[in-house]
Amino acid sequence: MRRSGPLRLLFAPGRFRAFVRQSELGIAIIGAVVGVIAGLVVVAMATVVRLLHEWIFRIGADERLSSATSLNHTIILVAPIIGGLILGAVIFILAYKRKKPMVDPIEANALHGGRLSLTDSFIVCVQNLVSNGFGASVGLEAGYTQLSSGFASKIGIALKLRRGDLRILVGCGAAGAIAAAFNAPLTGAFYAFELIIGSYSIASLTPVIAASLLATNVARLLMPSSFLVNAATFGSVIPTDYMPALLLGLLCAGGGILLLTGVSMVEEVARKSSIPPAVRPVLGGAIVGLLAIVSPQVLSGGHGALHLNLDQDLAIPALGFLLLMKSLASAVSIGSGFRGGLFFASLFLGALLGKIYALAGMLLFPGTILVPTVYAIIGMSCLAASVIGGPLTFLALEVTGDFSITALTLAAVITASLTVRNLFGYSFATWRFHLRGESIRSAHDVGWIRNLTVDKLMRPDVKTANVGSTLGKFRECFPLGSTQRVVIVDNAGKYVGIVIVPEAHTSLVADGEGVILDLVRYKAAYLLPTMNAKQAATIFEHTESEALAVVNNKIEQRVIGLLTESYTLRRYSEELDKRRREVSGET
């Protein structure tokens with residue numbers, strides 16, 4: 001019996017691949033499937049961590065580790081150390097197995113066209129589970145997004161999707177992970193647009209939204225969400241409410257920069273101390289354990305502690321002390337090698353900072369009414385936006401359901417984001433790339449630029465002449481019209497410069513006995529074969545040259561080709577237009 005319609009697609013993988021590649025509906029369907037997988041990933045990881053917390057720290061099934069009240073001090077101290085030992089063993093093994101760092105979704109979309117290793121994603125997931133499960137002050141969001149995006153990339157590669165579609169699918173995985181983790185589909189979607197895909201287009205809207213909604217519903221069905229905040233009654237927003245919110249945005253921007261700098265300082269100290277990477281998590285676990293004895297709220301991501309401090313009326317000194325302790329614990333955890341992210345830590349710290357700000361404002365300016373819970377929500381969104389690098393305005397709406405608070409949050413988040421971009425220029429992920437030597441500033445697709453290298457653009461047939469040639473001999477070898485320029489080399493074949501042929505024939509030295517060296521240009525300017533088109537264009541602009549020689553390396557400087565500025569810019573423009581068409585869904 002012959003099958004027809006949609007059933008035929010299910011039994012014809014080749015046709016199904018063609019359907020997905022040629023149809024926006026196909027990408028939307030695959031995006032929805034990725035959303036379901038992301039929801040299952042979040043539920044599975046959250047369940048494993050909850051069981052680890054119950055087993056290791058002896059807490060009840062309905063308790064959160066960071067808000068538990070009857071923790072044993074010995075367990076608090078020892079658990080992060082044991083987690084550090086396990087993680088150190090993994091790091092030690094990986095040091096012999098891998099030479100390159102693992103790629104995360106942002107780097108995958110920026111440099112590799114959305115290609116992620118599923119094996120590496122599972123390794124990151126296990127490291128994140130060990131780190132959070134044994135009490136290190138990190139969240140699970142890194143594992144959520146890594147594994148969900150890894151599955152999405154694997155599916156896209158199996159379907160042989162185009163580069164642009166594969167990048168969208170990786171964004172679907174990340175969107176579903178964040179949406180399911182926070183019961184916030186809009187936040188998950190815009191997290192993907194801003195941080196993972198790097199742009200918004202009509203072609204990416206449907207699959208990303210579908211992934212976010214389905215992931216959220218899967219997580220709600222299997223694991224009821226508790227990330228909801230009951231905001232105090234605020235009323236309607238009036239113009240005078242905006243100034244305090246904007247000032248809080250500036251304060252959170254400063255706090256975000258300090259947190260990012262603190263993490264990098266811990267990492268730098270660890271590197272300069274010559275402590276082996278496999279040992280660093282053990283020492284970091286010991287420090288986190290000591291901090292947790294003083295305040296158990298620094299343990300794990302901080303879900304329970306966030307709700308605890310939003311509901312309680314604590315004084316400014318107590319809130320400030322907890323803010324300092326959580327900041328130190330997070331910086332030490334990340335800096336010492338525990339695997340995880342600062343997403344939830346930044347939400348928790350922002351809530352504390354916002355509440356301190358509101359209480360201090362009422363003390364400094366008697367008569368003003370700053371609702372602490374409301375400013376905790378604004379601070380939560382602002383600090384997270386400062387650290388993570390994406391607009392998290394929708395998070396305030398989705399966790400409170402209050403549009404008036406969202407208006408203030410929008411103004412404050414924009415202020416915080418703009419301040420961080422101008423004063424610091426990096427988010428948590430891109431700052432770590434910068435420390436590693438990468439020049440990635442966002443998830444915008446720059447991998448094709450790196451692939452468009454000078455050695456692929458240059459002409460290998462280069463006209464050369466010896467630096468000792470006389471002008472007369474040069475004119476004889478290279479008459480007018482034979483070529484536009486000639487590369488000059490010394491007796492060892494090393495690059496000296498370039499001579500423009502028409503200039504040699506119009507020289508004032510009529511007898512031709514002059515030395516060609518007098519006409520040489522661009523003596524210290526050349527290109528390397530590994531440079532990309534953008535770097536080459538920058539050198540062309542700086543030297544004001546129309547063509548430059550390509551040498552094999554900086555030491556030998558043996559000429560291997562010639563590249564013109566016009567051809568470089570044309571090829572760069574063609575590739576850029578091609579990528580834009582892929583993003584917009586054109587063929």
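Reader: Buried means under 20% relative accessible area. With that cut-off, what does Cys382 count as?

Author: This is a predicted model, so its values are computed from predicted atoms. Cys382 has 0% relative accessibility, which is why it counts as buried.

Reader: OK, cysteines then. How many disulfides does the structure hold?

Author: Zero disulfides. Cys252 is in none, and its nearest cysteine sulfur belongs to Cys382, 4.9 Å away. Turn it around and Cys382, also in no disulfide, has the sulfur of Cys252 as its nearest, at 4.9 Å.

Reader: Why does Cys252 count as buried?

Author: Because its relative accessibility is 0%.

Reader: Switching to rings. How many aromatic pairs turn up in a search of the whole structure?

Author: Eight. One of them is Phe182 with Phe343, a stacked pair with 5.0 Å between centres and 25° between planes.

Reader: Where do Phe182 and Phe343 sit in the chain?

Author: Phe182 is in helix H8 (residues 163-182), while Phe343 is in helix H15 (residues 343-364). They are 161 residues apart, so the pair links distant parts of the chain. Both Phe182 and Phe343 are buried.

Reader: Which residues form one aromatic cluster with them?

Author: Tyr191 and Phe344 join Phe182 and Phe343 in that cluster.

Reader: And what about Phe474 and Phe478, how is that pair arranged?

Author: Tilted, at 5.0 Å centre to centre and with 45° between the planes. Phe474 and Phe478 are both buried.

Reader: Now the core. Which residues in the largest nonpolar core touch the most other members?

Author: In that core of 86 residues, they are Tyr144, Phe182, Tyr191, Leu347, Tyr375 and Ile378. Phe182 and Tyr191 are in the aromatic cluster too.

Reader: Which helix gives the most to the core?

Author: H15, with 13 residues. There is also a second, separate core of 25 residues, including Leu457, Tyr526, Leu527 and Leu563.

Reader: Let's do helix packing. At roughly what angle do H3 and H10 cross?

Author: Roughly 30°, and the axes come within 7 Å. H3 covers residues 24-57 and H10 covers residues 202-222.

Reader: Is the H3 and H10 crossing left-handed or right-handed?

Author: Right-handed. The contact on the H3 side includes Gly31, Ala32, Gly35, Val36 and Gly39. Among the H10 residues making the contact are Pro207, Ala211, Ala215 and Ala219.

Reader: What's the packing angle between H8 and H10?

Author: About 35°, with the axes 8 Å apart. That crossing is right-handed as well. From H8 the contact is made by Ile168, Cys172, Ala175, Gly176, Ala179 and Ala180.

Reader: And which H10 residues make the contact with H8?

Author: Among them are Ala203, Ser204, Pro207, Val208, Ala211, Ala215 and Ala219. Pro207, Ala211, Ala215 and Ala219 of H10 make contact with H3 and with H8.

Reader: Last topic, Leu328. Which helix does it lie in?

Author: H14, which runs over residues 316-335.

Reader: Why does Leu328 count as partly exposed?

Author: Because its relative accessibility is 40%, and partly exposed lies between under 20% and over 50%.

Reader: How far apart are Leu328 and Val266 in space?

Author: 9.7 Å, C-alpha to C-alpha, with their positions 62 residues apart in sequence.

Conventions:
Residues numbered from 1 in each chain as written. Predicted model: local features only at pLDDT ≥ 70, side-chain atom pairs only at ≥ 80, totals over all residues. Heavy atoms only, no water. Phe/Tyr/Trp six-rings, centres within 6.5 Å; stacked < 30°, edge-to-face > 60°. Helix = DSSP H or I, 4+ residues; strand = E, 2+ residues; numbered from the N terminus. Buried < 20%, exposed > 50% of the residue type's maximum accessible area, 1.4 Å probe, protein only. Disulfide = S-S within 2.5 Å. Core = buried A, V, L, I, M, F, W, Y, C linked by side-chain atoms within 4.5 Å. Axes fitted to C-alpha atoms, helices over the stretch in contact; angles between N-to-C directions. Left-handed = near helix turned anticlockwise from the far one by under 90°. Contact = heavy atoms within 4.5 Å.
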